[in-house]
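Please look over the sequence and the fold shown below before reading on. The report that follows takes up strand pairing, aromatic contacts and charged contacts in turn.

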Amino acid sequence: QLQASGGGLVQAGGSLRLTCTISERFYSLHGTGWYRQTPGNERELVGRLPSGGSANYADSVKGRFIISRDSAENTVHLQMNSLRPEDTGVYYCNADGRLYRGSSRSNYWGQGTLVTVSS
């Protein structure tokens, strides 16, 4: 249901914009977010945007990354600025909610998109 795109190779200091396309309309969407898995580390939260609330970010990306959601297009974006080599990793989009009226609340994941920041 989620498809992430926009990853690639960028030099340190550059910018990338990731897009997560959500193919279905959730019955109830609690929030969307982005996670990443950097080399040698577990998957970690980059930022999360609660439905109807303000985004929160990992300390390592505050002031550099911005999450936004386009409800009409059913997409979630991650604007990444001032990229650093340590931002290199696979980025995953996430949706937290109920897909159908009778379903239970679950986490849904995109397939991941690779971001490589060269020094």
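Is D96 buried or exposed? In this predicted model, D96 has a relative accessible area of 9%, and because the cut-off for a buried residue is under 20%, D96 counts as buried.

## The salt bridge of D96

The partner of D96 is R48, and the closest N and O atoms of this salt bridge are 3.0 Å apart. The two residues belong to distant parts of the chain, with R48 in strand β5 (residues 44–50) and D96 in strand β9, 48 residues apart.

## A network around R36

The structure has six salt bridges in total, and R36, E44, R64 and D87 are joined through such contacts into a network. Within this network, R36 forms a salt bridge with E44, where the closest N and O atoms lie 2.8 Å apart, and R36 also forms one with D87, where the corresponding separation is 2.9 Å. Because R36 lies in strand β4 and D87 in the loop between β8 and β9 (89–98), the R36 and D87 pair ties together parts that are 51 residues apart in sequence.

The members of the network are not equally covered, if one considers the residues in turn: R36 is buried, with a relative accessible area of 4%, and D87 is buried as well. E44, on the other hand, has a relative accessible area of 32% and is therefore partly exposed.

## Aromatic pairs

Two aromatic pairs are present in the structure. In one of them, the ring centres of F26 and Y108 are 5.3 Å apart and the planes stand at 85°, so the arrangement is edge-to-face. F26 is found in the loop between β3 and β4 (28–37), whereas Y108 is part of strand β10 (residues 106–109), so this contact ties together parts that are 82 residues apart in sequence. Both F26 and Y108 are buried.

The rings of Y35 and W109 make up a pair whose centres are 4.9 Å apart and whose planes meet at 70°, so this pair too is edge-to-face. Since Y35 belongs to strand β4 and W109 to strand β10, the pair ties together parts that are 74 residues apart in sequence. W109 is partly exposed, because its relative accessibility is 36%.

## R43 over two rings

The side chain of R43 is placed over aromatic rings as well. Its charged end sits over the ring of Y92, at 3.7 Å from the ring centre, and R43 also lies over the face of W109, at 4.7 Å from the centre of that ring. W109 thus has a part both in the edge-to-face pair with Y35 and in the contact with R43.

## Strand β8 and its neighbours

Strand β8 (residues 75–80) is mostly covered, with five of its six residues buried. Strand β3 (residues 16–22) pairs with β8 in the antiparallel sense over six bridges, and L18 has L78 of β8 as its bridge partner. Strand β7 (residues 65–70) likewise pairs with β8 in the antiparallel sense, over six bridges, and here F65 stands opposite M80.

Strands β7 and β8 form a hairpin with four residues between them, and N74, which lies in the turn, has a positive phi of about 55°. As a general point for inspecting such strands, side chains in a regular strand alternate between the two faces of the sheet.

Methods. Residues are numbered from 1 along each chain as its sequence is written. This is a predicted model: local features need pLDDT of at least 70, side-chain atom pairs count only at pLDDT 80 or more; totals for chains, interfaces and linings use all residues. Side-chain values use heavy atoms; hydrogens and water are left out. Buried means under 20% relative accessible area, exposed over 50%, partly exposed in between (1.4 Å probe, protein chains only). Two strands pair if DSSP finds at least two bridges between them. Rings of Phe, Tyr and Trp (its six-membered ring) pair if their centres lie within 6.5 Å; planes under 30 degrees apart count as stacked, over 60 as edge-to-face and the rest as tilted. A charge sits over a ring if NZ of Lys or CZ of Arg is within 6 Å of the ring centre and within 35 degrees of the ring normal. A salt bridge is a side-chain nitrogen of Lys or Arg within 4 Å of a carboxyl oxygen of Asp or Glu.
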